[in-house]
Amino acid sequence: MTSTLPTTRQVVVGTGPLRPDDVVAVARDGAGVRVDPAALAEMARSRAVIEALADDVEPHYGVSTGFGALATTHIPAERRAQLQRSLVRSHAAGSGPEVEREVVRALMLLRLSTLATGRTGARPVVAETYAALLDAGITPVVHEYGSLGCSGDLAPLAHCALAVMGEGQVRDPHGALRPTLDVLQESGIEPVQLAEKEGLALINGTDGMLGMLVLALHDLRQLLTTADVAAAMSVEALLGTDAVFAADLQALRPHPGQAASAANLRALLAGSPIMASHRGPECTRVQDAYSLRCAPQVHGAARDTVAHAASVAAHELASAVDNPVVTLDGRVESNGNFHGAPVGYVLDFLAIAVADVASMSERRTDRYLDRSRSQGLPPFLAHEAGVDSGHMIAQYTAAGIVSELKRLAVPASVDSIPSSAMQEDHVSMGWAAARKLRRALDGLTRVLAVELLTGARALDLRAPLTSAACTGAVLNTLRDNGVEGPGPDRFLAPELELVVQAVRDGDVLAAAQSGTDHQLA
């Protein structure tokens, strides 16, 4: 989930739809980019269609007219290059903090992918310049605010187009903020003088929200499996039962995500001496609380939500989003494919699932700390209750994050603010949905970390009983990473941050996987 060093991998754009792992490789891992020669040839063919319209007396949107509510304003031929420059400059009107490098690289790659379809009418040199910036590690400055998700992510994409023109500011390959022209010259990249239609082609897409969706799906798959790991630790340390996770019981409700999560829990808890210690007739507990018993149902529903969102992302990755477009038979047609509703809806849906998985995790954490529900563990897992507070405030931290996640689960896509003199009178807010989902994923990471930190301490307190191979491996990994075992109160925030990092880096998941032959899904 975290950025790695630049790789020698190179992604070829224009051979078909980008794969999600291509997007992650370029956005997060610094993979290089080049455009397929056949795609450049198709771009040249469609560009000829645009150039043939230069002297056409009929108006063509974005070629010989203004934009948005100014679509009825005719632009004379000698001023159409200026029209494109003015479009980019005026639309590069973002505000607020800089957007993360990986998001900017993702949206640039996705815009390049649409250019390479040949459906935008942009010249091959435009695509080659986009690829050159990505390949060189040059990142335009894009701001938090400026997109309504329709007509696409206008301001974010305009800031990228501005950089291609050699204007504005960028982060150089070393991360320094510098004038764009200086960085392009050092890298041997010639700024593009935009021609008819090209400014519009560079800003009319759902690339920002789609890029964030693809990155979120990549991270969520890891987080949801990590949630299964955390839940397994809690079932074990709270002396719960794994009988409810049996395959035949789960098959009575055949949701695929639920089945996968239950299979994970069975594998994670296999052979646990702690579980075996209370399987006898002396155990009078009939069934566990919902936060333990229903983990496969909740985690599984989140998994199925991810699967649905991934199908939407796949359709969008196969799309050529622009307005107007050059059709395969050479027509130039206006359309509404830039509307971000399909992407915005699933971004909001994912935020709901994230909030619910985190909410269940926090409830499991809380059970550890209440001696009336923790099955014999000391109050708040404290070394000396009263003198020590143990993990009392770690649960507060999780609860505070969960409360925020519930607010972030309020959908952005149900809102719409008319713009462009009511020409653009319904917008998707997909960019906003993506931005809040990124914050929600950080919150889920931290809530799971609190549960894992607390679960590890509880497992230690069950000694001399020992844990299952998988959960024991997670416990050992946390201890090896500097997270100390039970004892008097100490500064807890640094240890919590170590667990957060272990979740992000995949160390928790790798440790759990090392304890079983079952491939955790």
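# Notebook: sheet, helices, cavities

I began with an open sheet of three strands, which I read in the order E4-E6-E7 with antiparallel pairing. Its edge strands are E4 (139-140) and E7 (177-179), each of which pairs on one side only. The model is predicted. I then looked at the join between E4 and strand E6 (residues 169-171): two bridges hold these antiparallel strands together. For Thr139 I looked up the bridge partner in E6 and found Arg171.

**Entry on H1.** I asked how many residues of helix H1 (residues 20-29) are buried. Seven of its ten residues are, and the helix is mostly covered. I listed the buried ones as Asp22, Val23, Val24, Ala25, Val26, Ala27 and Arg28. Next I checked what covers these residues. The cover includes two strands, E1 (10-13) and E2 (32-35), along with the helices H4, H5 (124-136), H9 and H14. After H1 comes Gly30, and I noted its positive phi, near 75°.

**Entry on H20.** I went to helix H20 (residues 507-514) and noted its buried residues: Val508, Leu509, Ala511 and Ala512. Why do the buried residues of H20 line one face of the helix? Seen down the axis, they fall within an arc of 160°, so one face holds them. I also recorded the general point that an α-helix has 3.6 residues a turn, so residues three or four places apart point the same way. Among the elements covering the buried residues of H20 I found helices H9 (207-237), H11 (256-269), H17 (430-461), H18 (469-480) and H19 (493-504).

**Entry on two single residues.** Gln84 lies in helix H3 (residues 80-91). Is Gln84 buried or exposed? I found a relative accessible area of 0%, so Gln84 is buried. I also looked up its distance to Glu198: the two are 114 residues apart in sequence, yet 6.7 Å apart in space, C-alpha to C-alpha.

I placed His159 in helix H6 (residues 154-164). Its relative accessibility is 12%, so His159 counts as buried, the cut-off being under 20%. Leaving out residues up to four places away in sequence, I listed what His159 touches: Ala92, Ala93, Gly94, Pro140, Val141, Val142 and His143. Pro140 belongs to the range of strand E4 (139-140), so I tied this entry back to the sheet.

**Entry on cavities.** I searched for enclosed space and found two cavities of 30 Å³ or more. The largest cavity contains about 70 Å³ of space. I wrote down its lining as Leu18, Leu110, Ser113, Thr114, Thr206, Asp207, Leu210, Glu316, Leu317, Ser319 and Val321. Helix H4 (101-115), H9 and helix H14 (295-317) are the elements that give two or more residues to this lining. Which element gives the largest share of the lining? H4 does, with three residues. By type I sorted the lining of the largest cavity into five nonpolar, four polar and two charged residues. I noted that H4, H9 and H14 are also among the elements covering the buried residues of H1.

The second largest cavity has a volume of about 40 Å³. Its lining, as I recorded it, consists of His391, Leu453, Arg457, Arg479, Val483, Glu484, Arg490, Leu492 and Glu495. Here the division is three nonpolar, one polar and five charged.

How values were computed: Residues are numbered from 1 along each chain as its sequence is written. This is a predicted model: local features need pLDDT of at least 70, side-chain atom pairs count only at pLDDT 80 or more; totals for chains, interfaces and linings use all residues. Side-chain values use heavy atoms; hydrogens and water are left out. Buried means under 20% relative accessible area, exposed over 50%, partly exposed in between (1.4 Å probe, protein chains only). Helices (H or I, at least four residues) and strands (E, at least two) are DSSP runs, numbered from the N terminus. The arc is that of the directions from the helix axis to the C-beta atoms. Contact means heavy atoms within 4.5 Å. Two strands pair if DSSP finds at least two bridges between them. On a 1 Å grid over the protein atoms alone, a cavity is a set of points where a 1.4 Å probe fits but cannot get out, and a pocket is an open set with protein on both sides within 12 Å along at least five of seven lines; lining residues have an atom within 4 Å of a point. Grid points are joined across faces, edges and corners, and a volume is the space filled by probe spheres set on the points. Ala, Val, Leu, Ile, Met, Phe, Trp, Tyr, Cys and Pro count as nonpolar, Asp, Glu, Lys and Arg as charged, and the others, Gly among them, as polar.
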